[in-house]
Amino acid sequence: MNKLSKREKNLLIIAGAMAIVFVLWYVLISPQLDARGTLATEKQTLEGQVAVLEATAIPIEDYPELLAEITARFEEVATQYQPAQFTEDIDRLLTTSTANRGLTPSSINISQPVELTGDGTVAEDEAVPHRVYQVVISQSLTGEKGSLENYVDFVRGLEGVQITSFTYSSSDNGQSGISMTYVLNMIES
């Protein structure tokens, strides 16, 4: 059995060579071909994304015009807000406005100004040239009905104000009262 014929030796050599080719194919060549196919697909996807980005990109020559457009839009929006004020300044403004109308404040609560982001959420320390602040004001007043109506019109006329709640009451002695809560948006540039 130690002796193999020449034909058997040739068959064993051919079988061994085929086994080596088979192992090399599945261990080295096939994974490389699979990876090449995956990379080709990823390349096509990325090229498609680059084409979309290039199609939607704004040429650098258009940036000054775009910046001017954004600045004009900002200036338009900024006119809808009060200039930023400290809580003491807001208190002074409201106290003076109520006193000038002969109204008596029962209570007034002014929150600390909260900085907002563009989507209305509270801002973190961001380096922005224009800051938007929001203050919530709750106040109760008593006085004559006409003076109260005049004061409500004053508050409604302020830029950047949104009244969130309002209650009116009247009494037999001619005095009326209001309680209202409103949000004051202010801008600092």
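**Bridges, burial and patches**

Me: In β6, which residue is the bridge partner of glutamine 134?
Reply: Glutamine 134 has asparagine 185 as its bridge partner in β6. Heads-up: this is a predicted model, where local features need pLDDT of at least 70, side-chain atom pairs count only at pLDDT 80 or more, and totals for chains, interfaces and linings use all residues. Residues are numbered from 1 along each chain as its sequence is written, and side-chain values use heavy atoms, leaving out hydrogens and water.

Me: How do you know that β4 and β6 count as paired?
Reply: Two strands pair if DSSP finds at least two bridges between them. Strand β4 (residues 131–143) is joined to β6 by 13 bridges, so the pair qualifies. These two run antiparallel.

Me: And what makes β5 and β6 a pair?
Reply: β5 (residues 161–170) and β6 (residues 176–188) share 9 bridges, so they pass that test too. Their sense is antiparallel, and serine 170 stands opposite serine 176 in β6. In the hairpin there are 5 residues between the strands, and glycine 174 takes a positive phi near 90°.

Me: How many helices and strands does the chain have?
Reply: There are 4 helices and 6 strands, each a DSSP run numbered from the N terminus (H or I for at least four residues in a helix, E for at least two in a strand). Their order along the sequence is α-α-β-α-β-β-β-α-β-β.

Me: Why is methionine 186 called buried?
Reply: Buried means under 20% relative accessible area, exposed means over 50%, and partly exposed is in between (1.4 Å probe, protein chains only). Methionine 186 comes in at 0%, so it is buried. It sits in strand β6, and its C-alpha is 10.0 Å from that of leucine 116, though the two are 70 residues apart in sequence.

Me: What makes β6 largely enclosed?
Reply: Of its 13 residues, 11 are buried, so the rest of the structure largely encloses β6. Across the chain's 189 residues, 22% are buried.

Me: How do you know that lysine 43 and glutamate 47 form a salt bridge?
Reply: The rule asks for a side-chain nitrogen of Lys or Arg within 4 Å of a carboxyl oxygen of Asp or Glu. The closest N and O atoms of lysine 43 and glutamate 47 are 3.8 Å apart, so the pair makes the cut. Both residues lie in helix α1, 4 residues apart, about one turn of the helix. Lysine 43 is exposed at 53%, while glutamate 47 is partly exposed at 44%.

Me: How many salt bridges are there by this rule?
Reply: The count is 2. Aspartate 89 and arginine 92 also meet in one, at 3.0 Å from N to O. They are 3 residues apart in helix α3 (residues 87–100), so about one helical turn separates them. Aspartate 89 is partly exposed at 27%, and arginine 92 is exposed at 52%.

Me: What makes Glu61, Asp62, Glu65 and Glu69 a surface patch?
Reply: Patch residues need over 30% relative accessible area and no salt bridge; like charges are joined within 9 Å, and nonpolar side chains (Val, Leu, Ile, Met, Phe, Trp, Tyr) within 5 Å. The patch of these four is negative, since Asp and Glu count as negative. Take aspartate 62: its relative accessibility is 35%, so it is partly exposed. Aspartate 62 lies in the loop between α1 (6–56) and α2 (63–78).

Me: Which residues make the nonpolar patch?
Reply: Ile20, Phe22, Val23, Leu24, Trp25, Tyr26, Val27, Leu28, Ile29 and Leu33 make a patch of about 1,000 Å². One of them, phenylalanine 22, lies in helix α1.

Methods:
Accessible areas come from the Shrake-Rupley method with a 1.4 Å probe; for residues, only the protein chains shown count as cover. The place of a charge is taken as NZ of Lys, CZ of Arg, CG of Asp or CD of Glu.
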